[in-house]
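Q: Hey, can you walk me through this protein? I'm new to reading structures.
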Amino acid sequence: MGAMKSWAMEHGGRDDVLQQLLDPGEIDGAAAGITKLVIDRGEAALSPRQKEVYQRYVLDRLIPNECKYCGSNIPWSEVMQARETGNCGWCDHFLNKDD
């Protein structure tokens, strides 16, 4: 497995997003336990195998990392919105504003 995605290393809002995914059961099994560990102790506490599971079953599948419109990284604070629209907050605003 490669290095963790750089955008995922930013902590602003990460724990809130992960908890929002855990609560309805979008993350389950071993990935749920690993995600809880990330929330409690951070990504640095993960073993190499846990990092691989977290990357594959949480970050890669559930967390959009790039805006479909402009290609910029999606900050944690905009992840839940981006899961719906596929866009970063700026592009979503730009695409939906009334001229």
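A: Sure, one term to start with: buried means under 20% relative accessible area, exposed means over 50%, and partly exposed is in between (1.4 Å probe, protein chains only). By that rule Tyr 69 is partly exposed, with a relative accessible area of 47%.

Q: Is there anything to know about the model itself?
A: It is a predicted model, where local features need pLDDT of at least 70 and side-chain atom pairs count only at pLDDT 80 or more, while totals for chains, interfaces and linings use all residues. Residues are numbered from 1 along each chain as its sequence is written, and side-chain values use heavy atoms, with hydrogens and water left out.

Q: OK, how many helices and strands are there?
A: Five helices and zero strands, counting DSSP runs numbered from the N terminus (helices are H or I, at least four residues; strands are E, at least two). Along the sequence that reads α-α-α-α-α.

Q: And what share of the residues is buried?
A: 38% of the 99 residues.

Q: Back to Tyr 69. Which ring does it pair with?
A: The structure holds two aromatic pairs, and one of them joins Tyr 69 to Phe 94, a tilted pair at 6.4 Å centre to centre with 45° between the planes. Tyr 69 is in the loop between α3 (48-62) and α4 (79-85) while Phe 94 is in helix α5, so the pair ties together parts that are 25 residues apart in sequence.

Q: What counts as a pair?
A: Rings of Phe, Tyr and Trp (its six-membered ring) pair if their centres lie within 6.5 Å; planes under 30 degrees apart count as stacked, over 60 as edge-to-face and the rest as tilted.

Q: How exposed is Phe 94?
A: Phe 94 counts as partly exposed, at 36% relative accessibility. Its ring and that of Trp 90 have centres 5.3 Å apart and planes at 5°, so that pair is stacked. Trp 90 and Phe 94 are four residues apart in helix α5, about one helical turn. Ring pairs link Tyr 69, Trp 90 and Phe 94 into a cluster.

Q: Where does Trp 90 lie, and is it buried or exposed?
A: Trp 90 lies in helix α5 (residues 89-96), and it is exposed, with a relative accessible area of 59%. His 93 is exposed too, on the face of α5 turned away from the buried side, which also carries Trp 90.

Q: Which residues of α5 are buried, then?
A: Gly 89, Cys 91 and Asp 92. Seen down the helix axis, they fall within an arc of 165°, so they line one face of α5; the arc is that of the directions from the axis to the C-beta atoms. The buried residues of α5 pack against α4, where contact means heavy atoms within 4.5 Å.

Q: New topic: how many salt bridges are there?
A: Five, where a salt bridge is a side-chain nitrogen of Lys or Arg within 4 Å of a carboxyl oxygen of Asp or Glu. One of them joins Glu 26 and Arg 83 (2.7 Å, N to O). Glu 26 sits in the loop between α1 (14-22) and α2 (29-41) and Arg 83 in helix α4, so the pair ties together parts that are 57 residues apart in sequence.

Q: What about Glu 52, which partners does it meet?
A: Glu 52 meets Arg 49 in a salt bridge (3.2 Å, N to O), and Arg 56 in another (3.2 Å, N to O). Glu 52 and Arg 49 are three residues apart in helix α3, while Glu 52 and Arg 56 are four residues apart in that helix.
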